[in-house]
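Me: Please take one part of this protein and go over it closely. Place it in the whole as you go, and fix your terms before you use them.

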Amino acid sequence: MNHDYSGIFSNYAGLEGDLIPILQQVQLKFGYISTQSTKEISKFLKISENQIYGVASFYSQFRFTKPGRHSIKICMGTACHVKGGQILSEAIERELDVIAGESTKDGRFDFHRVACLGCCALAPVVQINDDIYSQMTVIKLQEILGKYE
Ligand code: FES
């Protein structure tokens, strides 16, 4: 067993029902579920890697790519969508060469399209890390991205 995982696995009996709590612990420790993690879990629980992906991808809390240094969330809720959320999302994909749910190749950003961020009056809204940006345009977004190295 890989040393990095023994601390996590030692809390579990190795039953199939341990999968979700183990995935949660792995994500907490490493920030995401890597291919290596899936292999280790597969060995420990004696279930296939495909089964693990099948279960884990059902839950939006699990991520399979390494998080970027900064996290971009584009609101796709109704108010933001109507006011250009989709255009902002496409601009991010184009500018940063990244697709939703993944991270840029240089590890600078991860990018997500999310449901209502709870401040619809400010639509369209973009969140970068803990900062909320309101009434966003593509031009404003390009300027703001430069602040995050
Ligand atoms: S729809 Fe975007 S903040 Fe509510």
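Reply: A residue is called exposed if 12 or fewer other C-beta atoms lie within 10 Å of its own, buried if 20 or more do, and partly exposed in between, with C-beta atoms placed from the backbone. Lysine 46 shows the rule at work: it is exposed because 9 other C-beta atoms lie within 10 Å. The model is predicted, so local features need pLDDT of at least 70 and side-chain atom pairs pLDDT 80 or more, while totals for chains, interfaces and linings use all residues. Numbering starts from 1 along each chain as its sequence is written.

The whole comes before the part. The protein has 149 residues, and 21% of them count as buried. Its C-alpha trace spans about 50 × 30 × 25 Å along the principal axes. There are seven helices and four strands. Here helices (H or I, at least four residues) and strands (E, at least two) are DSSP runs numbered from the N terminus. Their order along the chain is α-α-α-α-β-α-α-β-β-β-α. The domain assignment, automatic or from a database, gives domain 1 as 3–56 and domain 2 as 70–145. The centres of domain 1 and domain 2, taken over C-alpha atoms, lie 31 Å apart.

The part to look at is the sheet and what packs on it. Strands pair if DSSP finds at least two bridges between them. The four strands form an open sheet. Their order is 2-1-3-4, and the pairing is mixed. Strand 2 and strand 4 (131–133) stand at the edges; each has a single partner strand, so one side of each lacks a neighbour in the sheet. From one strand to the next, the twist averages 20°. Axes are lines fitted to C-alpha atoms (for helices, over the stretch in contact), and angles between N-to-C directions run from 0 to 180 degrees.

Now look at strand 1. It runs antiparallel to strand 3 (residues 126–128), and three bridges join the two. Lysine 73 faces glutamine 127 of strand 3 across the sheet. Helix 6 lies across strand 1, strand 2 and strand 3. It runs at about 150° to strand 1.

What lies at the heart of this packing? A nonpolar core is a set of buried Ala, Val, Leu, Ile, Met, Phe, Trp, Tyr and Cys residues joined through C-beta atoms within 7 Å. The largest such core has 14 residues. Ile72, Ile74, Leu88, Ile92, Val125 and Val126 have the most contacts inside it. At least two core residues come from each of strand 1 (70–75), helix 6 (85–96) and strand 2 (109–114). Strand 1 gives the largest share, three residues. Isoleucine 92 touches Ile72, Ile74, Val98 and Phe111, leaving aside residues up to four places away in sequence. Contact here means C-beta atoms, placed from the backbone, within 7 Å. Nonpolar side chains tend to be buried together in soluble globular proteins. Over the whole protein, 56% of the contacts with a separation of 6 or more join residues 24 or more positions apart.

The loops around strand 3 hold two backbone features. In the loop between strand 2 and strand 3 sits proline 124. A cis peptide bond joins it to alanine 123, with omega about -5°. In the loop between strand 3 and strand 4 sits asparagine 129. Its phi is positive, about 50°, although it is not a glycine. Asparagine 129 is exposed because 11 other C-beta atoms lie within 10 Å.

For contrast, turn to domain 1 (3–56). Another core, apart from the one just described, has eleven residues, among them Phe9, Ile33, Ile41 and Leu45. Phenylalanine 9 lies in helix 1. It is buried, with 20 other C-beta atoms within 10 Å. Aspartate 4 is also placed in helix 1 (residues 3–9). Aspartate 4 is partly exposed, with 13 other C-beta atoms within 10 Å.

Two packed helices are described by the angle and the distance between their axes. Helix 2 (residues 19–30) and helix 3 (residues 35–45) pack at about 150°, with axes 11 Å apart. On the helix 2 side the residues are Leu19, Ile22, Val26 and Phe30; they meet Ser37, Ile41 and Leu45 of helix 3. Lysine 46 lies in the loop between helix 3 and helix 4 (49–56). It is not a glycine, yet its phi is positive, at about 55°.

Note on methods: Contact = placed C-beta atoms within 7 Å.
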